[in-house]
Amino acid sequence: MISAEAIHLGPFMLPFPLLLVLLGLIVVYVVGKILNKKQQWSAQTWQTFSDSLWTTLWVDLIAARLVFVLLNLEVYLASPIDIIKVQDKGFHLYGGVIAGVAWFLWKNRAFKLENKVIFVTFFTLICAFSLALKQWQKPQSFYPNMQFSSLEQQQIPLKQFVGKPTVVNLWASWCPPCHREMPVLAQAQKDFQQFNFVMLNQGESSEKVQGYLNKNQFSFQHVLLDTQGEFAKEMKMFGLPSTLFFNAQGQLVDRHMGELSPAMLQQYLKKISNSDHLK
């Protein structure tokens with residue numbers, strides 16, 4: 001199954017940024033095979049080249065995480081354990097790519113300059129093309145014409161939230177990652193009152209939802225019930241928790257599948273704020 005952010009294989013999810021890096025490395029490998037045959041590399045040169053592609057992927061991932069952590073160090077210092085919670089998808093793509101390319105060039109420093117230029121050019125072109133294609137295919141989505149019941153049994157249209165940037169979180173009380181990110185969203189609602197935080201429960205009754213909120217002492221201003229999962233189907237969000245980020249005009253700016261950390265949430269909040277400023 002394919003969504004706007006990833007390819008889903010059962011319980012596993014392959015984010016597109018990771019896929020484009022993998023595609024770039026595969027292309028470099030194929031180009032290396034061609035040059036190996038044409039230039040008749042030694043067995044040692046080929047072994048070093050092929051091994052470096054694997055280690056480059058790991059350097060890319062580790063560096064991408066470290067750069068993201070450093071850029072959000074103040075948030076991570078408040079909760080250092082979040083640094084290793086890579087499920088929040090807090091990776092800095094460009095920082096990782098730069099570190100990976102530098103590592104690859106160092107490991108293959110014996111190559112001629114022209115070979116290095118060929119490898120870096122192909123890898124860069126593949127990454128740039130993939131990113132451009134993803135942006136071109138990204139739909140200009142706005143709030144769907146839907147309304148949902150509140151805990152007070154009032155029908156609330158989503159378009160009511162136009163006017164302020166809004167975070168819509170899809171969750172359920174039986175979902176462990178949803179429960180873990182609830183305090184993050186509750187704190188954000190207190191800290192960032194210029195945003196709407198809409199907690200859109202998936203498939204549960206008002207009694208179940210109210211009982212869960214009371215038991216865990218969560219107080220959200222906007223709690224809505226999507227008993228049939230209509231919003232998730234409409235927005236093609238697969239799995240819980242999922243979070244969508246809309247600007248003040250009601251346009252979808254970004255989405256996140258999986259658990260949110262405070263640092264990752266703040267990145268998204270900056271993004272939808274900047275989107276409003278560009279209007």
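Colleague: In which loop is Q40 found, and is Q40 buried or exposed?

Modeller: In this predicted model, Q40 is found in the loop between α1 and α2. Phi of Q40 is positive, at about 55°, although the residue is not a glycine. Most residues other than glycine have a negative phi. Exposure begins over 50% relative accessible area, and because Q40 has 68%, the residue counts as exposed.

Colleague: Which residue in the loop between α7 and β7 has a positive phi without being a glycine?

Modeller: The loop between α7 and β7 includes a residue with a relative accessible area of 72%, which is therefore exposed. Phi of this residue is near 55°, a positive value in a residue other than glycine. The residue is Q217.

Colleague: How far apart are the end C-alpha atoms of helix α2?

Modeller: Helix α2 covers residues 43-71, which makes 29 residues. At 1.5 Å a residue, α2 should span 42 Å. The separation in the model agrees with that expectation, because the end C-alpha atoms are 42 Å apart.

Colleague: At which residue does α2 bend?

Modeller: The bend in α2 is about 25°. The residue at the bend is one of the buried residues of α2, which also include W46, F49, T56 and F68. The bend is at L53.

Colleague: What does α4 reach from its first C-alpha to its last?

Modeller: The buried residues of α4 are G95, G96, V97, G100, V101 and F104. Residues three or four places apart in an α-helix point the same way, because there are 3.6 residues a turn. With 15 residues, α4 is expected to span 21 Å at 1.5 Å a residue, and its reach is close to this, at 21 Å.

Colleague: What is the volume of the largest cavity?

Modeller: Rolling a probe the size of a water molecule over the atoms shows where empty space is left. The structure holds two cavities of 30 Å³ or more. The largest cavity has a volume of about 90 Å³.

Colleague: Which helices each supply at least two residues of the lining of the largest cavity?

Modeller: The lining of the largest cavity consists of L25, V28, T56, G100, V101, F104, F119, V120 and F123. By class, seven of these residues are nonpolar, two are polar and none is charged. The helices that each supply at least two lining residues are α1 (16-39), α4 (93-107) and α5 (113-137).

Colleague: Which residue stands opposite F148 in β4?

Modeller: Strand β3 (residues 147-150) and strand β4 (residues 155-157) pair in the antiparallel sense over three bridges. These strands form a hairpin with four residues between them, and in the turn Q153 has a positive phi of about 65°. Opposite F148 stands I156.

Colleague: Which residue of β7 stands opposite S149?

Modeller: Strand β3 is also joined to strand β7 (residues 222-226), by two bridges. The two strands run antiparallel. In β7, the residue opposite S149 is L225.

Colleague: How many residues of strand β8 are buried?

Modeller: In a regular strand the side chains alternate between the two faces of the sheet. From β8, S242, L244 and F246 point one way, while T243 and F245 point the other way, and all are buried. Strand β8 (residues 242-246) is thus mostly covered, and its buried residues number five of five.

Colleague: Which residue in β9 is the bridge partner of F246?

Modeller: Strand β8 pairs in the antiparallel sense with strand β5 (residues 166-171) over five bridges, and there T166 stands opposite F246. Strand β9 (residues 252-257) pairs with β8 in the antiparallel sense, also over five bridges. The hairpin of β8 and β9 has five residues between the strands, among them G250 with a positive phi near 85°. In β9, the bridge partner of F246 is L252.

Colleague: What is the omega of the peptide bond from L240 to P241?

Modeller: P241 lies in the loop between α8 (230-235) and β8. Most peptide bonds are trans. The bond from L240 to P241 is cis, with omega near -5°.

Colleague: What distance separates the C-alpha atoms of G203 and Q228?

Modeller: G203 is placed in the loop between β6 (196-202) and α7 (206-216), and at 49% relative accessibility it counts as partly exposed. Along the chain, G203 and Q228 are 25 residues apart. Their C-alpha atoms are separated by 5.7 Å.

Note on methods
Residues are numbered from 1 along each chain as its sequence is written. This is a predicted model: local features need pLDDT of at least 70, side-chain atom pairs count only at pLDDT 80 or more; totals for chains, interfaces and linings use all residues. Side-chain values use heavy atoms; hydrogens and water are left out. The expected span of a helix is 1.5 Å times one less than its number of residues. The bend at a residue is the angle between axes fitted to the seven residues ending there and the seven starting there. Buried means under 20% relative accessible area, exposed over 50%, partly exposed in between (1.4 Å probe, protein chains only). On a 1 Å grid over the protein atoms alone, a cavity is a set of points where a 1.4 Å probe fits but cannot get out, and a pocket is an open set with protein on both sides within 12 Å along at least five of seven lines; lining residues have an atom within 4 Å of a point. Grid points are joined across faces, edges and corners, and a volume is the space filled by probe spheres set on the points. Ala, Val, Leu, Ile, Met, Phe, Trp, Tyr, Cys and Pro count as nonpolar, Asp, Glu, Lys and Arg as charged, and the others, Gly among them, as polar. Two strands pair if DSSP finds at least two bridges between them.
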